[in-house]
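Open the model in your viewer and keep the selection panel at hand. The tour below moves from one selection to the next and says what is found at each stop.

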Amino acid sequence: MISLFDPVHFGRLHLANRVVMAPLTRNRAPGAMPNDLMVTYYTQRADPKTGAGLIVTEATAISHQGQGYSDVPGIWSNEQVAAWKKVTDSVHAAGGKIVVQLWHVGRVSHVDLQPGGQAPVAPSAIRAKTKTVLIRDGVPTFEDTSMPRALAIEELPGIVDDYRHAARNAIAAGFDGIEIHGANGYLLDQFLRSGSNTRSDLYGGSIENRARLLLEVMRAVTLEIGGDRVGLRLSPVTPANDAADPYPQPLFDYVAAHLAPLNLAFLHIVEGATGGARDHVQGDKPFDYNAMRAAYRKAGGKGAWMVNNGYNRTLANQSITTGADLVAFGRPFIANPDLTRRLREGEALNMPDRTTFYGGGAKGYTDYPMLA
Ligand code: 8OZ
């Protein structure tokens, strides 16, 4: 029987096990620059004998406009590419694999984080009822997001270009691939869901129109670097960051089927409420993830089906035997650099300290103990 600890390959990703380190925002990159502390953190989790078969980095901004939190990294400049190269070199030297999660936050931002103090951009001028993390004088504070302005249709090709450019930078930085962040109420998810998208042009209204920007981005990045090292994260029912849609099933079944021709390496699905209840219901009825996967497979999609949210060893191994290919663990990887070893050997897990999730230094970041 296949287990979490068996190797697998999808596209160009040859993985030593099926345990994935989920993307985790940690706000330790002042000036949007990756740094040596981050090199240590990722390298601690990179050896697949003890750590992740694949690391997905923390969400990383594709442009200054795409940034919505203090001290999150970016990948739009040559300096950022050079700084990320230190991370990828060190992870590879440890035997690991790493993809970078490419992120545009859309309306989940604050004027203080935007170029020239301008309003954040969104499909429609509707403020997200959510908070962002601003670090003021070294202290993380949660503040309301700012009122966004609606993107003009003429601006959308520029957004697609920013993703394409970031994908090219990711390869230059030595990443094994990319994951597009299409989840958790950020820009691409804002376009998908009718609660944040009330446009009346080609990018709003019907499912086809709301999915248009996401699919354009996915086509652009797969043409740029090859679909076989591209993944996408989606969260069909999460209420995170005020994401809302009354009919998620036909929306995400449509998206899954239209991704199939792109020859993606993986689809990464957050089940339920991100970081919360796995059985969270949004919309008219409970979401059927098997139906979404079937829509993808029926359309010819061969990428890995990666699942995430609240998994433990038992649930993870169960899902591996019932159609999932990879399981992403978030908070357990914060506190357990050697999570894979602990899962394999049935060892107890360290508990993560929430007070050091966002911002700060080595404490609660690179100082969690490994097994002897
Ligand atoms: C927690 C805090 C800030 C950002 C996400 C990128 O939810 C995030 C995020 C999570 O995908």
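Select Asp-288 and Asn-290 at the start of helix 8: a side-chain oxygen of Asp-288 comes to within 3.0 Å of the backbone nitrogen of Asn-290. This is a polar contact (a pair of N or O atoms within 3.5 Å; within protein, one must be able to donate a hydrogen and the other to accept it, and residues adjacent in sequence count only if both atoms are side-chain atoms). Helices (H or I, at least four residues) and strands (E, at least two) are DSSP runs, numbered from the N terminus.

The model is predicted: local features need pLDDT of at least 70 and side-chain atom pairs count only at pLDDT 80 or more, while totals for chains, interfaces and linings use all residues. Residues are numbered from 1 along each chain as its sequence is written, and side-chain values use heavy atoms, with hydrogens and water left out.

Next, select helix 8 as a whole, residues 289-298. Its buried residues (under 20% relative accessible area, with exposed over 50% and partly exposed in between; 1.4 Å probe, protein chains only) are Tyr-289, Met-292, Arg-293, Ala-295 and Tyr-296. Viewed down the helix axis, these buried residues fall within an arc of 155° (taken from the directions from the axis to the C-beta atoms), so they line one face of helix 8. Add strand 11, helix 7, strand 12 (266-270) and strand 13 (304-308), which are among the elements covering those residues by contact (heavy atoms within 4.5 Å). After the helix comes Gly-300, with a positive phi near 100°.

Now turn to the charged pairs. The whole structure holds 19 salt bridges, each a side-chain nitrogen of Lys or Arg within 4 Å of a carboxyl oxygen of Asp or Glu.

Select Lys-129 and Asp-242, whose side chains form a salt bridge at 3.8 Å, N to O. The two lie 113 residues apart, Lys-129 in the loop between strand 6 (121-122) and strand 7 (131-136), and Asp-242 in the loop between strand 11 (230-234) and helix 7 (248-259). Lys-129 is exposed at 65% relative accessibility, whereas Asp-242 is partly exposed at 23%. Add Arg-107 to see the network of salt bridges that links it with Lys-129 and Asp-242.

Move to helix 2 (residues 78-93), where Asp-89 and Lys-85 are four residues apart, about one helical turn. Their side chains meet in a salt bridge at 3.1 Å, N to O. Asp-89 is partly exposed at 40%, and Lys-85 is partly exposed at 33%.
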